[in-house]
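This report looks at the empty spaces in one protein model and at one buried charged residue. The sequence and structure come first.

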Amino acid sequence: MEKNDAQEAAQPPCIKLKGVEKKLGNFTLSIDELIVGERGIYGLVGPNGCGKTTLAKLMASLMEPDRGSIDMCGLRPRDITLLSRKPYMMDDTVYNNLVYPLRLRNIKPDPLLISDYIAFMGLKGREKQRARSLSSGEQQKLGFLRALIFGPRLIIADEAMTALDMDSLDLFENLILSEQKRNPVTWIIISHQMTHVRRLADSLFFMYGGKIEERGSMEEIIAKADNPHLEQYLRVYGGEIHPSSQNREAAETK
């Protein structure tokens, strides 16, 4: 067993995929084996069209595989939330959009928690405003809060923080880290922003061509320069964490 496989197996699994295939047109997702542990933050990265969103929908029980098995390890659909870049807003108030997941689950809203969430995201005093009148960035914030409000055990954020300004991105990151400290759950963060993923994720999965090619800690992934697909991806999206950038920095300090 490889080191990173042992690290994943060391904590109770949240999801286990075995021999999973899903064909969509000319594209085929093929996952030999994937284990996502409980109470951790995982990054899922890869170029456009590699199958990240398809995999996310399979794990969120929004899609069925053509072959293979997905063991949710006791997770129910009501325990999972999938957060997208453009969250759907009901034609209703900010408050009613926020508490909608609670009403679906017959959970009584906690006024203090709701007040704290709204204030944290800068929406205080706008509870009665129509949600669809918010700016796109404000709708992203509201969608993010709505995804957390019912206490899910698995949160899949599919490019949910793409196109945010730096202040809003910092706000989201701080909320994720504070929530994870308060109530550890499983996060799967899909993003092209590698510096953002690096600040949050404990482990990383790299996808290419419908398959998971690499897995491990951020440092282990960056060190695998022998994978041409990963090397090219980091060259385009890695920024200062691209291996060549680190090598230049090391050379400049000598």
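## Terms and model

A pocket is an open set of grid points with protein on both sides within 12 Å along at least five of seven lines, whereas a cavity is a set of points where a 1.4 Å probe fits but cannot get out. A volume is the space filled by probe spheres set on the points. The model is predicted.

## Overall make-up

The protein has 254 residues, of which 48% are buried. Its secondary structure consists of ten helices and nine strands. Among contacts with a separation of 6 or more, 70% join residues 24 or more positions apart.

## The largest pocket

The volume of the largest pocket is about 460 Å³. Its lining holds 20 residues, and those closest to the centre of the pocket are Thr81, Leu82, Pro101, Arg146 and Phe150.

Three elements, β5 (80–84), α3 (94–104) and α5 (136–148), each give at least two residues to this lining. The largest share is that of β5, with five residues. By residue class, the pocket lining has 14 nonpolar, four polar and two charged residues.

## The largest cavity

Rolling a probe the size of a water molecule over the atoms can also reveal space left empty. With a threshold of 30 Å³ or more, the count is one cavity. The largest cavity contains about 30 Å³ of space. Two elements, β2 (27–37) and α2 (52–59), give two or more residues to its lining.

The residues lining the largest cavity are Leu34, Val36, Leu44, Leu55, Met59, Ile188 and Phe205. In this lining, seven residues are nonpolar, with no polar and no charged ones.

## Lys52

Helix α2, which contributes to the lining of the largest cavity, also contains Lys52. What is the nearest side chain of opposite charge to buried Lys52, and how far away is it? That side chain belongs to Glu159, at 5.0 Å. A salt bridge requires a side-chain nitrogen of Lys or Arg within 4 Å of a carboxyl oxygen of Asp or Glu, and Lys52 has no salt bridge.

Glu159 is nonetheless among the contacts of Lys52 when neighbours within four places in sequence are left aside. The others in that set are Leu44, Val45, Gly46, Pro47, Ile190, His192 and Met207. One of these, Leu44, is also listed in the lining of the largest cavity.

How values were computed: Residues are numbered from 1 along each chain as its sequence is written. This is a predicted model: local features need pLDDT of at least 70, side-chain atom pairs count only at pLDDT 80 or more; totals for chains, interfaces and linings use all residues. Side-chain values use heavy atoms; hydrogens and water are left out. On a 1 Å grid over the protein atoms alone, a cavity is a set of points where a 1.4 Å probe fits but cannot get out, and a pocket is an open set with protein on both sides within 12 Å along at least five of seven lines; lining residues have an atom within 4 Å of a point. Helices (H or I, at least four residues) and strands (E, at least two) are DSSP runs, numbered from the N terminus. Ala, Val, Leu, Ile, Met, Phe, Trp, Tyr, Cys and Pro count as nonpolar, Asp, Glu, Lys and Arg as charged, and the others, Gly among them, as polar. Buried means under 20% relative accessible area, exposed over 50%, partly exposed in between (1.4 Å probe, protein chains only). Lys and Arg count as positive and Asp and Glu as negative; His and the chain ends are not counted. Contact means heavy atoms within 4.5 Å.
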